[in-house]
Amino acid sequence: MPHFRYYSVIGNNGGVVASSYDRALHYKQYLRGHVYTKKFSDFEEAEEYTLDHISEKAPFGCPIPLHCKINEIIFISKLLKSC
């Protein structure tokens, strides 16, 4: 059975759950400020970590998604448009 790894990449302007380390490195160029990458063996843990970070960075009252899509960056600026 293959052992999958997921990578949460977070920055001041958003975050993403990447399916590989190479993709995580690619997404780092789109995130600003202190950009961090953390490895997880479970998608749900990576998703929770990413969404927690986004909820901390987004302004109060801004709608935070309930789930992440793999390899899709969630930008806080796009969330602000729906406030």
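## A helix lying across a four-stranded sheet

Let's start with the big picture: helix α2 lies across β1, β2 (14-18), β3 and β4, and it runs at about 5° to β1. Keep in mind as you look around that this is a predicted model. We'll take the sheet first, then the helix, and finish in a loop.

What is the order of the strands in the sheet? The sheet is open, has 4 strands, and follows the order β3-β1-β2-β4, with antiparallel pairing. The edges belong to β3 (36-40) and β4, each of which pairs on one side only. If you're wondering what holds such strands together, strands of a sheet pair through backbone hydrogen bonds, either parallel or antiparallel.

Now walk across the sheet pair by pair, beginning with β1 (residues 6-11) and β3. These two run antiparallel and are joined by 5 bridges. You can find the pairing at individual residues: Tyr6 stands opposite Phe40 in β3, and Ser8 has Lys38 as its bridge partner in that strand.

On to β1 and β2. This pair is also joined by 5 bridges and runs antiparallel. A hairpin makes the connection between β1 and β2, using 2 residues. Look for Ser8 again, since it stands opposite Val17 in β2. A bit further along, Ile10 has Gly15 as its bridge partner in β2.

Gly15 also takes us to the last pair. Its bridge partner in β4 is Ile74, and β2 and β4 pair in the antiparallel sense over 2 bridges.

How much of β1 and β2 is covered? Here's a handy rule to have in mind: in a regular strand the side chains alternate between the two faces of the sheet. In β1, Tyr6, Ser8 and Ile10 point one way while Tyr7, Val9 and Gly11 point the other way, and all of them are buried. That makes β1 mostly covered, with 6 of its 6 residues buried. In β2, Gly14, Val16 and Ala18 sit on one side and Gly15 and Val17 on the other; all are buried, so both faces of this strand are covered. With 5 of its 5 residues buried, β2 is largely enclosed by the rest of the structure.

Time to look at the helix. α2 has 15 residues and stretches 21 Å from its first C-alpha to its last, close to the 21 Å expected at 1.5 Å a residue. Which residues of α2 are buried? They are Phe43, Ala46, Glu47, Thr50, Leu51, His53 and Ile54. These residues cover an arc of only 155° around the axis, so they end up on the same side of α2. The spacing makes sense once you know that an α-helix has 3.6 residues a turn, so residues three or four places apart point the same way. The buried residues of α2 pack against β1, β2, β3, β4 and α3 (76-81).

Zoom in on His53, which lies in α2. Its relative accessible area is 12%, and since buried means under 20%, His53 counts as buried. Leaving aside residues up to four places away in sequence, His53 touches Ile10, Gly11 and Gly14.

What about the other face of α2? The face turned away from the buried side carries the exposed residues Glu48 and Glu56. Take Glu48, in helix α2: its relative accessibility is 52%, and the cut-off for exposed is over 50%, so Glu48 counts as exposed. Between Glu48 and Tyr21 there are 18 Å in space, C-alpha to C-alpha, and the two are 27 residues apart in sequence.

The sheet and the helix also meet through aromatic rings. The structure has 3 aromatic pairs, and one of them is formed by Tyr6 and Phe43. Their rings are edge-to-face, 5.6 Å centre to centre with 75° between the planes. Because Tyr6 lies in strand β1 and Phe43 in helix α2, the pair ties together parts that are 37 residues apart in sequence.

Our last stop is Asn71, in the loop between α2 (43-57) and β4 (74-75). Most residues other than glycine have a negative phi. Asn71 is a residue other than glycine with a positive value, its phi being near 65°.

Conventions: Residues are numbered from 1 along each chain as its sequence is written. This is a predicted model: local features need pLDDT of at least 70, side-chain atom pairs count only at pLDDT 80 or more; totals for chains, interfaces and linings use all residues. Side-chain values use heavy atoms; hydrogens and water are left out. Two strands pair if DSSP finds at least two bridges between them. Contact means heavy atoms within 4.5 Å. Axes are lines fitted to C-alpha atoms, for helices over the stretch in contact, and angles run from 0 to 180 degrees between N-to-C directions. Rings of Phe, Tyr and Trp (its six-membered ring) pair if their centres lie within 6.5 Å; planes under 30 degrees apart count as stacked, over 60 as edge-to-face and the rest as tilted. The expected span of a helix is 1.5 Å times one less than its number of residues. Buried means under 20% relative accessible area, exposed over 50%, partly exposed in between (1.4 Å probe, protein chains only). The arc is that of the directions from the helix axis to the C-beta atoms.
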